Amino acid sequence: MPVIAAASQNQVVIGTISTAYFHELGSAVVFGELGHAAIFAHLGNVLSHPLDDWVQTRRNISRVSPVEQTLNGKLGTVRFYSPAMEAEMVAGVAPVLSTGWGVIVPQPLAELEAVALATQQTTVYVLMIGVAAALTLALFMARLIVRPLEQLTVTTHKVAAGTYVLPPEIRFRVFQSTELRELYSSVHEMVLRLRKNQSQINKLAFFDNITGLTNRECFRRRIQAFLEDAKPANQAALLFLDLDGFKAVNDTMGHDVGDDVLGQVGARLNDLFPDDVLTPHHSILRNCKSGVSIARLGGDEFAVFLPHADAARGLEMAEAIRER
């Protein structure tokens with residue numbers, strides 16, 4: 001008899017400890033505002049529940065649908081109305097087959113929907129930020145690539161129209177393509193070569209290679225440009241000069257010395273009109289409506305055109321040229 005009493009007392013103590021343990025364990029499982037865990041014995045009596053009076057009275061909840069499903073050994077989820085929480089709930093249920101007990105983990109449907117909505121909104125925000133970042137990066141990359149191409153396109157159009165301008169200076173980034181750098185370098189080199197070629201063409205077509213003065217064709221074009229824009233009342237002076245005894249220089253001292261003499265004449269004429277000295281790098285019509293034009297027409301013949309000059313000015317400049 002004492003043994004039985006002792007045994008019964010031990011069972012009571014063990015049962016008390018186990019019940020307290022499960023109650024503490026269940027109380028520790030909390031998520032959201034009303035989400036919790038409930039543990040019940042094989043008959044549906046509560047072992048752990050957020051409501052302490054249910055635990056103390058070992059309330060039987062076997063008729064609650066998720067508990068009933070668990071007691072029947074089923075595993076899964078179920079939607080039900082919880083009288084304890086007074087809310088529609090969704091619960092995960094799991095039976096403990098070795099003891100016949102069960103565990104349900106319910107959470108209010110409204111909380112789950114709120115979490116889902118918040119997750120959806122967060123996803124939308126993240127997506128919008130991602131799209132914005134992608135567009136910003138795309139625009140940045142497009143600017144790095146397209147902008148230099150636009151500048152090169154403008155340059156090539158100007159070159160095609162006969163204006164040999166160098167492409168604008170571009171600061172290339174480390175991550176910009178090698179092909180773009182090579183294209184820019186090629187266009188830059190092309191413009192420099194075209195300038196050089198155009199200079200050589202102008203020199204051959206419109207300049208005298210001995211004196212450096214403009215030739216007959218360039219002189220004619222500049223006078224023609226002035227006449228096309230001149231008004232009836234406008235005046236101009238045209239001076240023609242040659243070198244007396246120049247043939248004797250060539251015949252007695254050679255053509256090299258004769259060329260030196262012609263070069264000196266050209267330099268002295270340029271000294272008289274320093275503001276209108278043309279070179280192959282300039283447009284042959286530069287200042288054609290207002291500037292002086294000096295040319296070697298051939299042999300020892302030279303000409304000077306003075307736009308907007310009357311007869312007195314023409315005679316004055318002729319005397320200056322003769323004295324020079």
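The paragraphs below lead through a predicted model, starting with its overall make-up and passing from a set of paired strands to a helix, the residue before that helix, and the nonpolar cores.

The protein has 324 residues, of which 31% count as buried, and its secondary structure comes to nine helices and ten strands. Among the contacts with a sequence separation of 6 or more, 54% are accounted for by residues that are 24 or more positions apart.

A convenient place to begin is the run of strands β5, β6 and β7. Strand β5, which covers residues 76–82, pairs with β6 in the antiparallel sense over seven bridges, and β6, which covers residues 87–96, pairs in turn with β7, again in the antiparallel sense, over eight bridges. The register can be followed residue by residue: V78 has A91 of β6 as its bridge partner, while R79 stands opposite V90 in β6. On the β7 side, V90 has Q107 as its bridge partner, and A91 stands opposite P106. In a regular strand the side chains alternate between the two faces of the sheet.

Both of these pairings are hairpins. Between β5 and β6 there are four residues, and in this hairpin E86 takes a positive phi near 55 degrees. The hairpin of β6 and β7 likewise has four residues between its strands, and G100 in the turn has a positive phi of about 80 degrees. Strand β7, residues 101–108, is also joined by three bridges to strand β3, residues 38–40, and these two strands run antiparallel. In that pairing, F40 stands opposite G102 of β7.

The next element to consider is helix α6, which spans residues 216–229. Its 14 residues reach 20 Å from the first C-alpha to the last, close to the 20 Å expected at 1.5 Å a residue. Which residues of α6 are buried? They are C218, F219, R222, I223, A225 and F226, and because they cover an arc of only 155 degrees around the axis, they lie on the same side of α6. An α-helix has 3.6 residues a turn, so residues three or four places apart point the same way. On the other side of α6, R216, L227 and E228 are exposed. The buried residues of the helix pack against α5 (178–206), β8 (236–242), β9 (293–298) and β10 (301–307).

The start of α6 leads to N215, a residue found in the loop between α5 and α6. Why does N215 count as buried? The reason is that its relative accessibility is 15%, where buried means under 20%. The side chain of N215 takes part in polar contacts in two directions. At the start of α6, one of its side-chain oxygens reaches to within 3.2 Å of the backbone nitrogen of E217, and the side chain of N215 also reaches the backbone oxygen of A205 at 2.8 Å. Leaving aside residues up to four places away in sequence, N215 touches A205, F206, F207, D208, A295 and R296.

The nonpolar cores complete the account. The largest nonpolar core has 17 residues, and those that touch the most other members are L269, F273, I294, F302, V304, L306 and I321. At least two residues of this core are supplied by each of β8, α8 (255–272), β10 and α9 (311–323). For L269, the residues touched, not counting those up to four places away in sequence, are L213, I294, F302 and I321. A second, separate core of 16 residues includes F40, V67, A87 and I104. This brings the reader back to the paired strands, since F40 is the residue that stands opposite G102 in β7.

Technical notes. Residues are numbered from 1 along each chain as its sequence is written. This is a predicted model: local features need pLDDT of at least 70, side-chain atom pairs count only at pLDDT 80 or more; totals for chains, interfaces and linings use all residues. Side-chain values use heavy atoms; hydrogens and water are left out. The expected span of a helix is 1.5 Å times one less than its number of residues. Buried means under 20% relative accessible area, exposed over 50%, partly exposed in between (1.4 Å probe, protein chains only). The arc is that of the directions from the helix axis to the C-beta atoms. Contact means heavy atoms within 4.5 Å. A polar contact is a pair of N or O atoms within 3.5 Å; within protein, one must be able to donate a hydrogen and the other to accept it, and residues adjacent in sequence count only if both atoms are side-chain atoms. A nonpolar core is a set of buried Ala, Val, Leu, Ile, Met, Phe, Trp, Tyr and Cys residues joined through side-chain atoms within 4.5 Å. Two strands pair if DSSP finds at least two bridges between them.
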